[in-house]
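Open the model in your viewer and switch to a cartoon view. The stops below go from a sheet to a helix and then to some cysteines.

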Amino acid sequence: MTKALLIYPIFPPTFWSYDKILELVNRKVLLPPLGLITVAGILPQSWEFKLVDRNIRPATEAEWAWADLVIISGMIVQKNDMIDQIKEAKKRNKLVAVGGPYATSVPHELQNSGVDFLILDEGEITLPMFVSAFENGDTSGVFRTTEKPDVTITPVPRYDLLELSAYDSMSVQFSRGCPFQCEFCDIIVLYGRKPRTKNPEQLLKELDCLYDLGWRRSVFMVDDNFIGNKRNVKLLLKELKIWQENHQYPFDFNTEASIDLASDQELMDMMVECNFNGVFLGIETPDEDSLQLTKKFQNTRSSLSESVEKIIKTGLRPMAGFIIGFDNEKKGAATRIINFVEESAIPTAMFGMLQALPNTALWHRLIKEERLLDPDKDQDGNQTTLMNFIPTRPVEDIAQEYIETFWTLYDPNQYLDRVYRCFLKLGSHKFKTDSQLPSWTDLKALGIVIWRQGFKRNTRWKFWHHLFSIIKNNPAVWDHYLTICAHNEHFLEYREIVKQQIEDQLAEYLKREALIKENQVNVGWAVLK
Ligand code: SF4
């Protein structure tokens, strides 16, 4: 019987790490490694598995010694730790198999890392290929496919392998792929433009599994665009509503969706009836020219701010992603984004500088235009990394505007005001949820948040004013409101990290540019042709 040790590499601090908040509620990580537990579900169930999420703890020597095979999966932001873990495994003479989005996008980067097996693309097809080679005694191999599997055959992920108490939220996936064609997006490269969905019964089985394991908190529907196939999503929501009612709403859901969600009131209502609380929207920019250029046409069909307003009023708290650095972007992108986020009252806005991810349409265009910089240098996929191509306006301006946007929007006063404006109009959910008594940890966290925000910080008057006003004017959302106010704790620290990281990279970039000018030689990144 094969003993497989599954390892999930460390994430560096990111916008979503929320470590300050997680500390308050005694949790270590926001989300579990859904990919790895799905892999464990697909591999032969006669095998034995142990899972180590390195964001929680390192593997013990006993675990290393136990394993016949080490399987590692992760994203580009985890690549440094992934490579370290391959080395650790090889030091102990273990066979190592690597898969997941990073390995699939740039397998050549792992070729000299010591890895024995590369299991690329979607595991429903390539894992069985690997298993038959491994069980035939092969000690290396690369397994690939151009086919997109039918996800209705995907088994229930092995949630039982997780240390559930360490996670803030669980994840499930209903669909893969997205029908749109945004130029910078790697989702459509990895998973295709025809959304493939699971069956409602299949997803409900996953929820049954979580419920039986005792899970009673949030569940993140990790689909890159949950509403890519609206017909099938509605079929799911119809069943999910009944499941939630029968179980007294044990879960609240969050997900990601394209902005055209706002044009389907029935769909939004159905989501709210299933206890969806929040939705992440890829808005990218309020500049229509940039949206056209990047082929994000779905964001140009109706007013973005009216769409966000409809989503809030229906009862879904918006989170939104923005990008700075599109081609032909005019100076002042920061101000335009700040104004948009403020006017639309989007509490959580995330930013990145445009990156050309491997194999995307943007990547190919920039190679053609000889503007892509050496992809092996400084590529870590983090939101605070300077762009990996030559932009159409000075990098210094883009970087400064990026800092300005983050710094302004996460000014503690501005943040509290914006969250308040959103929650004043946030539609409330009209069903009774499983009303468990709050745990001691939750009560302690509430006490700390109230102490810090209501007494210690100089925003205390604003905090109390807004809290009482929410209790008076929109009482059903007060606890949700308080949770989002608490995120201020994370942003206060994270905006310092953002500023520091960008200023450091910018200083290095300017030094390099000066050297190039002085010596008339290219000591900087090579342009990829
Ligand atoms: S809507 Fe989102 S997932 Fe779909 S192509 Fe655009 S960026 Fe990618």
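What is the order of the strands in the open sheet of six strands? The order is E7-E10-E11-E12-E13-E14, and the pairing is parallel. Keep in mind throughout that this is a predicted model.

**The edges of the sheet**

Select residues 169-172 and 348-353. These are strand E7 and strand E14, the edge strands, each of which pairs on one side only. Looking across the sheet, neighbouring strands are turned by 20° against each other on average, with direction ignored.

**Strand E7**

Stay on E7 and show its side chains. In a regular strand the side chains alternate between the two faces of the sheet. Here Ser169 and Ser171 point one way, Met170 and Val172 point the other way, and all are buried. E7 runs parallel to E10, and four bridges join the two. To find the register, select Met170 and Val219: Met170 in E7 stands opposite Val219 in E10.

**From E10 to E11**

Next select residues 218-221 and 252-257. These are strands E10 and E11, paired in the parallel sense over four bridges. A useful pair to label is Phe220 and Asn254, since Phe220 stands opposite Asn254 of E11.

**A helix on the sheet**

Now add residues 304-314, helix H12, which packs on the sheet. H12 touches strand E12 (276-284) and strand E13 (317-324), and the direction of H12 makes about 170° with that of E12.

**Helix H16**

Move to residues 412-425. How many residues does helix H16 have, and what should they span? H16 has 14 residues, which at 1.5 Å a residue should span 20 Å; the end C-alpha atoms are 21 Å apart, which agrees. At the N-terminal end, select Asp411, which caps H16: a side-chain oxygen of Asp411 lies 3.0 Å from the backbone nitrogen of Asn413.

Then colour the helix by burial. The buried residues in H16 are Pro412, Tyr415, Leu416, Arg418, Val419, Tyr420, Cys422 and Phe423. An α-helix has 3.6 residues a turn, so residues three or four places apart point the same way.

**Cysteines**

Finally, select the cysteine sulfur atoms. How many disulfides are there? The count is zero, with a cut-off of 2.5 Å between sulfur atoms. Take Cys274 as a case: the closest cysteine sulfur is in Cys209, 20 Å away, so the two are too far apart for a bond. Is Cys274 buried or exposed? Cys274 has a relative accessible area of 0% and is buried. Cys178 also counts as buried, because its relative accessibility is 12% and the limit is under 20%.

Methods: Residues numbered from 1 in each chain as written. Predicted model: local features only at pLDDT ≥ 70, side-chain atom pairs only at ≥ 80, totals over all residues. Heavy atoms only, no water. Pairing = 2+ DSSP bridges. Axes fitted to C-alpha atoms, helices over the stretch in contact; angles between N-to-C directions. Contact = heavy atoms within 4.5 Å. Buried < 20%, exposed > 50% of the residue type's maximum accessible area, 1.4 Å probe, protein only. Expected span 1.5 Å × (residues − 1). Polar contact = N/O pair within 3.5 Å; in protein donor to acceptor, adjacent residues only side chain to side chain.
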